[in-house]
Amino acid sequence: MGEKPKLYYFNGRGRMESVRWLLAAAGVEFEEEFLETREQYENLLKEGKLLFQQVPMVEIDGLRLVQTRAILNYIAAKHNLYGKTLKERALIDMYVEGTTDLMTPIRVHYRLEPEEKEKNLHLIIEQATKRYFPAYEKVLKDSGQHFLVGNQLTWADVQLIEAILMVDEKDPTILSQFPLLQAFKARMSNVPTIKTFLQPGSQRKPPPDEAFLATAKRVFNRK
């Protein structure tokens, strides 16, 4: 058995959280090294471990991967979460890009000024209820399956449940108009590996806060 994947990032969600979700859904144990000081980051640079001088970075199977999409692609393909055909992979990519777009304003919400937060929250709710959730509701209806693509769990399902729970933290009633997504949320939350990841004490991270922002500023030497 090979070494466990090792994740280099802050002790918070950010761009690494989707990687944690995908590894957990695949039943893969992983280790984490949390960046807390500027010195840690500079040491990674000196050792040539950060190709583009940025994190997330994951050491896996002798590779040192940066760029979130490349990391997720590799994990999904390795653990049979990336479809069975080229057409299925194209659909998975399309759905993943959609959920990524939905999650983007949520990821930056914590660091906005109060007046900007109100506008951003409105944007998040509007995009979820008017653009993205109706689309995924239709995909589930048209497929007649329990999953977005094919008849088994894929990366697209994992990232959609991650996105649903992120929006749900902003508005717990967000799925009230989407019965198929409500059922999807319940099913995905009971997938054994995902159920474990959702339990207290797992490597899932809480929503970002001021401490997370302060750490990122300290590591990257930003004001």
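**Notebook: the α2–β3 loop, the fold and the salt bridges**

I began with Gln-53, which counts as exposed at 54% relative accessibility. The cut-off for that class is over 50%, so Gln-53 falls on the exposed side of it. I note at the outset that the model is predicted.

**Entry 1. The loop between α2 and β3**

I placed Gln-53 in the sequence and found it in the loop between α2 and β3. I then looked up its backbone: phi is positive, at about 60 degrees, although Gln-53 is not a glycine.

Pro-56 belongs to the loop between α2 and β3 as well. I checked the peptide bond that leads into Pro-56 from Val-55 and found it cis, with omega near 15 degrees.

Next I turned to Tyr-41, which is part of helix α2. Is Tyr-41 buried or exposed? Its relative accessible area is 7%, and buried means under 20%, so I entered Tyr-41 as buried.

Which residues does Tyr-41 touch, once its neighbours within four places in sequence are left aside? I listed Leu-50, Gln-53, Val-219 and Phe-220. The exposed Gln-53 is thus one of the contacts of Tyr-41. I also took the C-alpha to C-alpha distance from Tyr-41 to Val-55, which is 9.2 Å for a pair 14 residues apart in sequence.

**Entry 2. A second positive phi**

I found a positive phi at Asn-80 too, about 55 degrees, and Asn-80 is not a glycine. Asn-80 sits in the loop between α3 and α4. Its relative accessibility is 60%, so I recorded Asn-80 as exposed.

**Entry 3. The chain as a whole**

I counted secondary structure elements and obtained nine helices and four strands. Their order along the sequence reads β-α-β-α-β-β-α-α-α-α-α-α-α.

Does the radius of gyration agree or disagree with that of a compact globule? For 223 residues a compact globule would have a value near 17 Å, and the chain has 18 Å, so I wrote down agreement. Along the principal axes, the C-alpha atoms fill a box of roughly 50 × 50 × 30 Å.

I looked up burial next: 44% of the 223 residues count as buried. Of the contacts with a separation of 6 or more, 66% come from residues 24 or more positions apart. The exposed surface of the chain is about 12000 Å², of which carbon and sulfur atoms supply 51%.

For the charges, I noted 32 positive and 30 negative, with mean positions 2 Å apart.

**Entry 4. Salt bridges**

How many salt bridges does a search of the whole structure find? The search returned 16. I followed three pairs in detail.

The pair Glu-33 and Lys-6 has its closest N and O atoms 3.3 Å apart. I located Glu-33 in strand β2 (residues 31-34) and Lys-6 in strand β1 (residues 6-9); the two are 27 residues apart, and the pair links distant parts of the chain. I then looked up the accessibility of both partners. Glu-33 has a relative accessible area of 26% and is partly exposed. Lys-6 is partly exposed as well, at 24%.

Glu-59 pairs with Lys-49, the closest N and O atoms being 3.9 Å apart. Here Glu-59 lies in strand β3 (residues 57-60) and Lys-49 in the loop between α2 (38-46) and β3, ten residues away, and this pair too links distant parts of the chain. The cut-off is within 4 Å, so the pair at 3.9 Å still counts as a salt bridge.

For Glu-97 and Arg-69 the closest N and O atoms are 2.2 Å apart. Glu-97 belongs to helix α4 (residues 86-109) and Arg-69 to helix α3 (residues 68-78), so this salt bridge ties together parts that are 28 residues apart in sequence. I entered Glu-97 as partly exposed, with a relative accessible area of 37%. Arg-69 is partly exposed too, with 28%.

Which residues do salt bridges with shared partners join into one network? I traced Glu-17, Arg-20, Glu-32 and Lys-205.

Note on methods: Residues are numbered from 1 along each chain as its sequence is written. This is a predicted model: local features need pLDDT of at least 70, side-chain atom pairs count only at pLDDT 80 or more; totals for chains, interfaces and linings use all residues. Side-chain values use heavy atoms; hydrogens and water are left out. A salt bridge is a side-chain nitrogen of Lys or Arg within 4 Å of a carboxyl oxygen of Asp or Glu. Buried means under 20% relative accessible area, exposed over 50%, partly exposed in between (1.4 Å probe, protein chains only). The radius of gyration is taken over C-alpha atoms; the globule rule is 2.2 Å times the number of residues to the power 0.38. Contact means heavy atoms within 4.5 Å. Accessible areas come from the Shrake-Rupley method with a 1.4 Å probe; for residues, only the protein chains shown count as cover. Lys and Arg count as positive and Asp and Glu as negative; His and the chain ends are not counted. The place of a charge is taken as NZ of Lys, CZ of Arg, CG of Asp or CD of Glu.
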